[in-house]
Amino acid sequence: MDVIRLRKASDKDKAVAVGFYNSIEQEEEVSLYREEKIAKAILEETCYIILAGHRAIGFVIFDYRFFDQGWIELMILDEACRGKGIGGKVFDLLGEQCRAEKLFTSTNRSNTRMQKALAKAGFSFAGQLTGLDEGDPELFYYRLRLLDKRVLMDGRD
Ligand SMILES: CC(C)(COP(=O)(O)OP(=O)(O)OC[C@H]1O[C@@H](n2cnc3c(N)ncnc32)[C@H](O)[C@@H]1OP(=O)(O)O)[C@@H](O)C(=O)NCCC(=O)NCCS
């Protein structure tokens, strides 16, 4: 498998990132919001292109807006690259560059793939928030920025 890396996104990457974003289910009215969200993250230097070798395969928005802890706002991989453990690699890369002690993120209860990816990467459940998406609570997760892989392996056995 190609080496997975992160590169800070620039204006030139906007269309590519929006393309990945629009690959997940959407309603017509949210697509404009998506463009604005990516543009803002690029401007604030919190958007990273996920590279496999030299090929863009997704993007992640990462900042410190959540109680000054590392916060993964959004990660989207190209459909063909999902389910191959790449998400876990990106969590590790973010952990390496994180200036805070912990990484936090959240996902809808309906997003079982993200939950599996988080559990595999050593994240713990932190709690849930209702009232955002009707009938689909937001589940919060966290982990230390760097993991002792031996502990993770032991935990799995
Ligand atoms: C969520 C996402 C970032 C996870 O990254 P990933 O590299 O695909 O994660 P992994 O390869 O570690 O796979 C996660 C697990 O989900 C499982 N899985 C694969 N397809 C699945 C599906 N359709 N439904 C549920 N689980 C699925 C995989 O088997 C894997 O579990 P396993 O290794 O125990 O078998 C990526 O799938 C993605 O971009 N999804 C679309 C966008 C999204 O939902 N982003 C998160 C928003 S909060």
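**View 1. The buried residues of helix 4 in this predicted model.** Let's start with helix 4, where the buried residues are Met114, Gln115 and Leu118. They span an arc of only 100° around the axis, so they sit on the same side of helix 4. A handy rule helps here: an α-helix makes 3.6 residues a turn, so residues three or four places apart point the same way. As for what these buried residues of helix 4 pack against, their partners are helix 3, strand 5 and strand 7 (138-144). Just past the helix, look for glycine 122, which follows helix 4 and has a positive phi, near 90°.

**View 2. The shell around the ligand.** Here you can find the 19 residues around the ligand, of which Gly83, Gly85, Gly87, Asn111 and Lys120 come nearest. Two glycines meet the ligand through their backbones: a polar backbone atom of glycine 83 is 2.7 Å from an oxygen atom of the ligand, and a polar backbone atom of glycine 85 is 2.5 Å from an oxygen atom of the ligand. Arginine 113 uses its side chain, with a polar atom 3.2 Å from a nitrogen atom of the ligand. How much of the ligand does the protein bury? Taken alone, the ligand exposes 950 Å², and the protein buries 73% of that.

**View 3. Which elements build the shell around the ligand?** Strand 4 (69-77), helix 3 (86-97), strand 5 (102-108) and helix 4 (112-120) are the elements that give two or more residues to it. Helix 4, which you met in the opening view, gives the most, with six residues. By type, the residues of the shell divide into seven nonpolar, seven polar and five charged.

**View 4. Serine 106 in strand 5.** Is serine 106 buried or exposed? The relative accessible area of serine 106 is 14%, under the 20% limit, so this residue counts as buried. The side chain of serine 106 has a partner in glutamate 138, and a polar contact of 2.7 Å joins the two side chains. Leaving aside neighbours within four places in sequence, the residues in contact with serine 106 are Trp71, Glu138, Leu139 and Phe140.

**View 5. Threonine 46 in a loop.** This residue is found in the loop between helix 2 and strand 2 (47-52). With a relative accessible area of 11%, threonine 46 is buried. What does threonine 46 touch, not counting residues up to four places away in sequence? The answer is Ala41, Val60, Ile61, Phe62 and Asp63.

**View 6. The buried residues of helix 1.** In helix 1 (residues 14-22), the buried residues are Ala17, Val18, Phe20 and Tyr21. Because their arc around the axis is only 155°, they lie on the same side of helix 1.

**View 7. Leucine 32 in helix 2.** Helix 2 covers residues 30-43, and leucine 32 is part of it. Leucine 32 has a relative accessibility of 57%, which is over the 50% limit, so this residue counts as exposed. From leucine 32 you can find your way back to valine 18: the two are 14 residues apart in sequence, and their C-alpha atoms are 9.7 Å apart in space. Valine 18 itself is one of the buried residues of helix 1.

Key:
Residues are numbered from 1 along each chain as its sequence is written. This is a predicted model: local features need pLDDT of at least 70, side-chain atom pairs count only at pLDDT 80 or more; totals for chains, interfaces and linings use all residues. Side-chain values use heavy atoms; hydrogens and water are left out. A residue is near a molecule or strand if one of its heavy atoms lies within 4 Å of it. A polar contact is a pair of N or O atoms within 3.5 Å; within protein, one must be able to donate a hydrogen and the other to accept it, and residues adjacent in sequence count only if both atoms are side-chain atoms. Accessible areas come from the Shrake-Rupley method with a 1.4 Å probe; for residues, only the protein chains shown count as cover. Helices (H or I, at least four residues) and strands (E, at least two) are DSSP runs, numbered from the N terminus. Ala, Val, Leu, Ile, Met, Phe, Trp, Tyr, Cys and Pro count as nonpolar, Asp, Glu, Lys and Arg as charged, and the others, Gly among them, as polar. Buried means under 20% relative accessible area, exposed over 50%, partly exposed in between (1.4 Å probe, protein chains only). The arc is that of the directions from the helix axis to the C-beta atoms. Contact means heavy atoms within 4.5 Å.
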